[in-house]
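Welcome! Take a moment to turn the model around on your screen before reading on. The report below walks through it one region at a time.

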Amino acid sequence: MRRLDRHTLAHAAAGVLAGAVGMSVAHLTAALLTPASSPALAVSTAVIDATPTPVKEWAVRELGSADKPILIGSVLLVTIAFTAAIGVVARRRLRLGMALTAGLVLLAGAAVVRRPLFDIADLVPTLVALVLGPAVLMLLTRALTVEHAPSHRRDVPGEGTASRRSVLIGFGALALLSAAAATGGELVVRSRTALANIRLPRVRDPLPALPAGLEETYDGISRFTTRNRDFYRVDTKLAVPIVDQDSWSLTIDGDVDRELTFSYDDLRERENVEHDITLTCVSNEVGGKLVGAARWTGVPLRDLLEEAGVGKNADQILSTDVEGFTISTPLEAALDGRNAMVALGMNGEVLPRIHGFPARLVVPGLYGYVGATKWVTRLTLTRYDEATAYWTDRDWAIDAPIKLSSRIDTPRPLSNIPAGRTVIGGVAWAQQHGVAEVDVRIDGGRWQRAELGPDAGIDYWRQWFLPWDAQPGSHQLAVRVTDRDGTVQSDVRAAPFPDGSSGIQEIVVTVA
């Protein structure tokens, strides 16, 4: 029984290794061509698309930016289980094992074909895996069969002379090949996503530098400007699109007087503007971290639409990214005077690839899923009753204005802090109206007015703080914001689905 278990494990390992070699080399091939055509990433993307909305919401809420690595890891674990089983099958029936391996690869290939902008060249990585996976399984299974054969048969001509050492060396070499290919693929993608020799366009009326934030005085309060590397990222991409700015273009079509197409240089040469805008994900829970504030550089969206000539029938902008992903934006939000823009820059730098290079929409006052299309390449003016987008097909609200909200950054929930003089502090936002005041409540008492930090306009968040003489014991802290129209943040608790969360954040801290 012990010998049988060892042999079974060896064949299971052969199956796993065959799958790993095929998929890792395919991943490297995809990195050199189109990263999203990697079979492993295509399967993971298909899983995202098929996942029910409540599960997606939970993943974003609980896992944040770690949702993608965890998803890929989960898909890999399932793949390992399948390939291990295939390896065991191949021990007795090699051809069946090879066919099952090929079938697994073809399933991944089907996910590649289902990509919105599929090109026949996207199948090259799948073909690589289709060749390597079964071939490696055959070689390893035959080597193990010879190694496991009775000693008197190893010397028979034609039966092979593989030794346990040579089998182990072969396993090790293939494992190294798989690791090297996977690592090489990631390095290639990183090198291809690096941006160099691209400068921000000239700004028509540069804004003055933002003032120093409260974070320089009070530890724990979010930075007044969110650094690009810290800015939240929520999208369906497992591989960041690698777009060549020289071949990229933005087309405006649909219900317009004239279809227009702009190159990257066309947009750069126009008079660009700067706006300080806070973006928020609709999946952000009350007190959540899926919000960030930045200075955006780009072209006013309204100017581009008016140049194309807006028709009389459209009520939405159906924006499409470079991989065919779509988002619906209310047309009115682009024409009502707010600072909606096609952004080319972020915080004084060229727009990072992970945040939408070469261009993205930024529409203040709307949650990202209806107003912040990244890697955008087409703006189609149409009607909601004629065309729907990715998230509206999944029953999220069509019109999603950002709700008034506030967050306590310090002290942190459930933290232990020393008694004495300290501050309660955080951020609040009330887009399209601006923050008028922030109030804090301690242990269910009266609301106390907090001090506000610098003001960067109605579409940007405000930092706030309240000095607090913290006494020993357990304390409950709450915060709310009031906008300049006198609207107070709602205390009605609502989940993010379908149009954003609401409610008052309340936390508990212990003072010792």
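## Y369 and the cores

Let us begin with a single residue in this predicted model. Setting aside neighbours within four places in sequence, Y369 is in contact with V282, I327, W391, W396, A397, A400 and P498. Y369 is also one of the residues with the most contacts inside the largest nonpolar core, alongside I252, L267 and L301. That core has 58 residues, and helix α9, covering residues 301-308, gives the most to it, with four residues.

There is a second, separate core as well, made of 21 residues. Among its members are L404, V435, W468 and A470. As a general background, nonpolar side chains tend to be buried together in soluble globular proteins.

## The chain as a whole

Now step back and look at the full protein chain. Its secondary structure comes to eleven helices and 19 strands, and its C-alpha trace spans about 90 × 70 × 45 Å along the principal axes. Of the 512 residues, 51% are buried. If you count contacts in the chain with a separation of 6 or more, 75% of them are between residues 24 or more positions apart.

What does the chain expose, and which atoms supply it? The exposed area is about 23,500 Å², and carbon and sulfur atoms supply 56% of it. As for charge, the chain has 52 positive and 57 negative charges, and the mean positions of these two groups are 11 Å apart.

## A five-stranded sheet

Next, find the open sheet formed by five strands in the order β12-β19-β18-β14-β15, with mixed pairing. Its edge strands are β12 and β15, each of which pairs on one side only. Strands of a sheet pair through backbone hydrogen bonds, either parallel or antiparallel.

Strand β18, residues 473-483, is a good place to look at the pairing in detail. Seven bridges join β18 to β14, residues 435-442, and these two strands run antiparallel. Seven bridges also join β18 to β19, residues 505-511, again in an antiparallel arrangement. Which residue in β18 is the bridge partner of R441? The partner is A478, and A478 also stands opposite E506 in β19.

## Two cis peptide bonds

Two proline residues are worth a visit, and both are in loops. The peptide bond from T410 to P411 is cis, with omega near 0°. You will find P411 in the loop between β11, residues 405-410, and β12, residues 416-417.

A cis peptide bond also joins F497 and P498, where omega is about 10°. P498 lies in the loop between β18 and β19, two strands that you met in the sheet. You have met P498 before too, as one of the residues in contact with Y369.

## Positive phi angles in two loops

Some backbone angles also deserve a look. N347 has a positive phi of about 55°, although it is not a glycine. N347 is in the loop between β7, residues 341-346, and β8, residues 349-350. Is N347 buried or partly exposed? N347 counts as partly exposed because its relative accessibility is 21%, and the cut-off for a buried residue is under 20%.

D443 is another residue other than glycine with a positive phi, here near 55°. D443 is found in the loop between β14 and β15, the latter covering residues 447-449. With a relative accessible area of 42%, D443 is partly exposed.

## V128 and its contacts

For a last stop, go to helix α6, residues 124-148, where V128 lies. V128 has 22% relative accessibility, so this residue counts as partly exposed.

What does V128 touch, if residues up to four places away in sequence are not counted? V128 touches V25, A26 and T29. The C-alpha atoms of V128 and S24 are separated by 9.9 Å, while the two residues are 104 residues apart along the chain.

Technical notes
Residues are numbered from 1 along each chain as its sequence is written. This is a predicted model: local features need pLDDT of at least 70, side-chain atom pairs count only at pLDDT 80 or more; totals for chains, interfaces and linings use all residues. Side-chain values use heavy atoms; hydrogens and water are left out. Two strands pair if DSSP finds at least two bridges between them. Buried means under 20% relative accessible area, exposed over 50%, partly exposed in between (1.4 Å probe, protein chains only). Contact means heavy atoms within 4.5 Å. Accessible areas come from the Shrake-Rupley method with a 1.4 Å probe; for residues, only the protein chains shown count as cover. Lys and Arg count as positive and Asp and Glu as negative; His and the chain ends are not counted. The place of a charge is taken as NZ of Lys, CZ of Arg, CG of Asp or CD of Glu. A nonpolar core is a set of buried Ala, Val, Leu, Ile, Met, Phe, Trp, Tyr and Cys residues joined through side-chain atoms within 4.5 Å.
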